[in-house]
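Reader: Could you walk me through the helix packing and a few loop residues, and show how each label is earned?

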Amino acid sequence: MKDKKRIVVKVGTSTLTHESGAPNLRRMEQLARILADLKGAGHEVILVFSGAIAVGTSRLGLEERPKELRMKQAAAAVGQCRMMHIFDQFFAEYNQSAAQILLTGDDVEIPVREEHLRRTFSALLEMGVIPVVNENDSVSSAEIETGNHKVLGDNDTLSAIVAKLCGADLLVLLSDIDGLYDSDPKENPGAKLLHRVEELTPEIFEMAGGAGTWRGTGGMATKLSAAGIAMAAGCDMVIANGARMEDLYGIVEERAIGTRFLASAEGK
Ligand SMILES: Nc1ncnc2c1ncn2[C@@H]1O[C@H](COP(=O)(O)OP(=O)(O)O)[C@@H](O)[C@H]1O
Ligand SMILES: N[C@@H](CCC(=O)OP(=O)(O)O)C(=O)O
């Protein structure tokens, strides 16, 4: 892998929000600082974040994540605005400009839109801006409702699509867990962490259960779907714990942290 890398970092709802759904300011601040620092070290960074629905839910004083689609989309619109405002402030503190990019499945499936998107990312990176991406939840209805991975519908898959689109060298998924275990550690305390995955076999897919917490959506299943896209595109992917944000430095230096899914030789 090159010394100067193009890195996509995806941070899940479980890392960026408190149990109540309120934004976790300490984590957001750390993340902005470390990404600014990685940029200072010569890398190009793109942030994909989740948490708009959870933050909107809490901001609107709703008791639980709404079940009705229009309410979920409204919560996403409120939460996105809040999260972006906070990120923009933290990035500005470290002298960085951030840019908001909101995507739907159609945007990457229609070639002309995909090309526009690729050019926008490349222009932003060229100007030293940090693109900050989320799904455009307020318009991409079917996906949040059904979790239909063929389109987008989850930010794990979205981040892998962005990594592929931008020709990234590394995709890091920060979650509330140290990596991929041989079964869900929340249900099986004896579960073992896998350090490296070279191939996505049916056994690996069996290890991933369903969705994670009420606040997020994906669980491990969507992280494996992301791994498939990244590996095929010649991009390494690492799942690591967002509670130790500083681990991002070691991950970029290819130290053995979390679970690393190795890029396929053909994709490189
Ligand atoms: N084999 C597994 N290894 C690790 N975590 C697993 C596994 N199977 C299911 N999980 C669950 O996936 C959760 C992470 O997914 P999720 O809650 O969607 O996080 P995020 O919001 O970071 O995307 C873990 O907290 C864990 O409970
Ligand atoms: N676009 C949604 C993210 C949904 C999602 O994929 O959440 P997560 O499993 O926490 O990455 C939001 O911002 O709430």
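Author: Happy to; the helix pairs come before the loop residues. This is a predicted model, in which local features need pLDDT of at least 70 and side-chain atom pairs count only at pLDDT 80 or more, while totals for chains, interfaces and linings use all residues. Residues are numbered from 1 along each chain as its sequence is written, and chains are lettered from A and ligands numbered from 1 in the order in which they are written.

Reader: Why are α2 and α4 called oblique to each other?

Author: Helix α2 (residues 25-40) and helix α4 (residues 69-93) pack at about 45°, with their axes 9 Å apart. Helices here are DSSP runs of H or I with at least four residues, strands are runs of E with at least two, and both are numbered from the N terminus. The axes are lines fitted to C-alpha atoms over the stretch in contact, and angles run from 0 to 180 degrees between N-to-C directions. Angles under 35 degrees count as roughly parallel, over 145 as roughly antiparallel, 65 to 115 as roughly perpendicular and the rest as oblique. The angle of about 45° therefore makes α2 and α4 oblique.

Reader: What makes up the contact of α2 with α4?

Author: From α2 come Leu25, Met28, Glu29, Ala32 and Ala36, and from α4 come Ile86, Phe87, Phe90 and Phe91. Two residues are in contact if their C-beta atoms, placed from the backbone, lie within 7 Å. By class there are eight nonpolar residues, no polar ones and one charged. For these classes, Ala, Val, Leu, Ile, Met, Phe, Trp, Tyr, Cys and Pro count as nonpolar, Asp, Glu, Lys and Arg as charged, and the others, Gly among them, as polar.

Reader: Glu29 is in that contact; how do you know whether Glu29 is buried or exposed?

Author: Count the other C-beta atoms within 10 Å of its own, with C-beta atoms placed from the backbone: 20 or more means buried, 12 or fewer exposed, and in between partly exposed. Glu29, in helix α2, has 17, so Glu29 is partly exposed. Its C-alpha atom is 9.9 Å from that of Tyr94, 65 residues apart along the chain.

Reader: Which residues of α4 are buried?

Author: They are Lys72, Gln73, Ala75, Ala76, Gly79, Gln80, Met83, Phe87, Phe90 and Phe91. Among them, Phe87, Phe90 and Phe91 also take part in the contact with α2.

Reader: How do you know what length to expect for α4?

Author: The expected span is 1.5 Å times one less than the number of residues. With 25 residues, α4 reaches 36 Å from its first C-alpha to its last, close to the 36 Å expected. Helix α6 (residues 111-126) has 16 residues that should span 22 Å, and its end C-alpha atoms are 22 Å apart, which agrees. Just after α6, Gly128 takes a positive phi of about 80°.

Reader: Why is α3 called roughly perpendicular to α4?

Author: The axes of helix α3 (residues 52-59) and α4 come within 6 Å and cross at roughly 95°. That angle makes α3 roughly perpendicular to α4. The residues of α3 that meet α4 include Ala52, Ile53 and Val55, and their partners in α4 include Lys72, Ala76 and Met83. This contact has nine nonpolar, four polar and three charged residues.

Reader: What makes α8 and α10 roughly parallel?

Author: Helix α8 (residues 155-165) and helix α10 (residues 219-232) have axes that come within 8 Å and cross at roughly 10°. With that angle, α8 and α10 are therefore roughly parallel to each other. Six nonpolar, four polar and three charged residues form their contact, including Ile161 of α8 and Ile229 of α10.

Reader: What is special about the phi of Asn95, and why is Asn95 called exposed?

Author: Asn95 has a positive phi of about 65° although it is not a glycine. Asn95 is in the loop between α4 and β3 (98-103), and is called exposed because it has 9 other C-beta atoms within 10 Å.

Reader: How does Glu254 get its exposure label?

Author: Glu254 has 13 other C-beta atoms within 10 Å, so it is partly exposed. Glu254 sits in the loop between α11 and β8 and has a positive phi of about 65° although it is not a glycine. Ala256, also in the loop between α11 (247-252) and β8 (259-261), is exposed because its count is 10.
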